[in-house]
Protein chains: 2
Amino acid sequence: MRFHSPAIQYFHAVRRTGSIRAAARVLNVASSAVSRQILKLEQEVGSPLFERTARGLTLTTVGEMLARHVMNVLQDLDRFRSDVASLSGTWHGTVSIACIESLTESVLPDLIASHRGRARRVSFTTEVMGSSDVLEALSRGEADIGIAIALRHPQDLRQVALKRFRLGAVVAREHPLARRKTVTLEQCLAFPLINALPELSIYHLLQPLIAQLPETPEPAIQANSIDLMRELAARGVGVAFQTQLGIGRLSRDSQLVFLPLDNAGSPVWSDLGIYVRAERTLPAYTESFLQELVRELGERERRESAGYPQVG
Amino acid sequence: MRFHSPAIQYFHAVRRTGSIRAAARVLNVASSAVSRQILKLEQEVGSPLFERTARGLTLTTVGEMLARHVMNVLQDLDRFRSDVASLSGTWHGTVSIACIESLTESVLPDLIASHRGRARRVSFTTEVMGSSDVLEALSRGEADIGIAIALRHPQDLRQVALKRFRLGAVVAREHPLARRKTVTLEQCLAFPLINALPELSIYHLLQPLIAQLPETPEPAIQANSIDLMRELAARGVGVAFQTQLGIGRLSRDSQLVFLPLDNAGSPVWSDLGIYVRAERTLPAYTESFLQELVRELGERERRESAGYPQVG
DNA sequence: CATGTTGCTGCCGTTTCGGCAACAGCTATA
DNA sequence: TATAGCTGTTGCCGAAACGGCAGCAACATG
């Protein structure tokens, strides 16, 4: 099913690999063939699509416009294929997810496992990265669904849903703070802090609160891994900060306690956004998973707010 | 700038014309070439795209799916072209509008004239039809922007805006009713009625009110032309019914008087919807006109509600 | 300076495309 | 019932496009 001109596909491969020869390797054709198709394209558009540097090709402004068009075409072709396939009963394809780390502990594995229980022909590709990288991967067409801290997102993305979760302190069961219902940042200062590095969004959520303190606390540990911070907290090393999403299993085993942060009487929110390319209709199997994802996160948001009623 | 495989374009032409030979005439190629491309497409998809009848081709279910994809591709190609063109300063293209008759008297001519005053390289194609035909034309990709009475619209269309206008009686300046501020349907019954035929949406707006009357009035004149009904009213033949949108000029000349209908204390609304294909990003010049259209209709809605405060 | 990389370009065989003419199937008209 | 007109399809053949191979110059890296 390849009814689009080779130029389209070659262009797409060159854009992704950043080099004609690399694209040729991926496409299993001679590099000369790729080169010629690109030159032909540029002649038809009437303007160069790439800037040639010594070690590869970079998109020009016009090239980026064409890239957008080509991405729309190829993604819609995917959807068409899935539509035809679902007509004959077969539901198969790959859902590609880009998300931040906090989803990997419980939300995503639960969802994927249950989804694959029902639709075994649907496979998954998930890649963990920072929030801004999630948006970029989505824009570049490298993922179908993105989950990230809700930043201001570019126009070519659509925010499917926005769920808020309370940021809280995470401590071991035996920790002195563990018996509280909520906790303030000041109360945490009496203990060693396990802080996020600036590359994690948690850092930017806590930073304004820390700046308000009379003196800047010195963290015992700084890390860029939610996983690591959680495990450190479980071992009683100190107080870590994250949302309840990231500590599902250890919380069930009662090794960890989650204490919602109370900032001068009001909660500290971490907004989680679910994103999708705006100029796109998703294949049926992707749309189906997306719906479940939104529902599940909504469910967790609801459960959390029921368990910890708002302070302010 | 034709970097899509000929099969795509041939398929599109065949779908529109409903015949291979007719498509070949439009495309200026031999019919055999078109036939072969269609056969090749069907082989690649693995399923027939058309049903062959004695006098042409009709889309199958799979064919309709492909038609949707092809439409998305070609419309997005248009947008890409306009993006490239606008980069080099030139703004040109054609905005295709499908709308109901009530817009032709004042809204559309005013807007198009003013828009062309600023952007002379943008041309327009407007076609007047019934509300449901507007939606169909849009779905088939035969128009960019659709304006129709707001029915329940299919999923492949997006309602950009919804503006409500009061339905009212239209009478000549010398008419006995002309000095009133509002009017009820019963008050109109004393005079000859100029009614819309069922093919006009006004008919369906008035029908429920007429059904509530103790006895069904017999209209003096029935017509399917807003224009004709308005001109008849201007000549004092009777009472016509429409929104204020359709009587702009004659109202300015004070030949016609618009009396909002008062149905048991509440207004009778005519909802006007502005529609666009959902799976589509409009070219810049089209989007620009669309914005002006929405703004203008919003302005008229505002002016009207200021001039005739709600009754109920 | 040598080596490896980049994109580009003749040359040439293969594939695809498109035009012409003829064919079979159906419909409407005389 | 015969005929004329329409439909889509197919064999044949020339033209255009595509792709592979080998070699080129330009640049980066060691």
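Visitor: What phi does G141(B) take just after α6(B)?
Guide: G141(B), just after α6(B), has a positive phi of about 80 degrees. Helices (H or I, at least four residues) and strands (E, at least two) are DSSP runs, numbered from the N terminus. This is a predicted model, in which local features need pLDDT of at least 70, side-chain atom pairs count only at pLDDT 80 or more, and totals for chains, interfaces and linings use all residues. Residues are numbered from 1 along each chain as its sequence is written, while chains are lettered from A and ligands numbered from 1 in the order in which they are written.

Visitor: And which residues of helix α6 in chain B are buried?
Guide: In α6(B), residues 131-139, the buried ones are S131(B), V134(B), L135(B), A137(B), L138(B) and S139(B). Buried denotes 20 or more other C-beta atoms, placed from the backbone, within 10 Å of the residue's own.

Visitor: What do they pack against?
Guide: The buried residues of α6(B) pack against β3 (93-99), β5 (145-149), β6 (157-172), α8 (201-212) and β13 (269-277) of chain B. Contact requires C-beta atoms, placed from the backbone, within 7 Å.

Visitor: Changing topic, how many residues does each chain give to the contact between A and B?
Guide: Chain A gives 25 residues and chain B gives 25 residues. On the side of chain A that touches chain B, α4(A) has the largest share, 13 residues.

Visitor: Now DNA strand C: which residues come nearest?
Guide: Of the 22 residues around DNA strand C, the nearest are S32(A), V29(B), A30(B), S32(B) and A54(B). Near means that the C-beta atom, placed from the backbone, lies within 6 Å of the strand.

Visitor: Which element gives the most to that surface?
Guide: α3(A) does, with six residues.

Note on methods
Two residues are in contact if their C-beta atoms, placed from the backbone, lie within 7 Å. A residue is buried if 20 or more other C-beta atoms lie within 10 Å of its own, exposed if 12 or fewer, and partly exposed in between; C-beta atoms are placed from the backbone.
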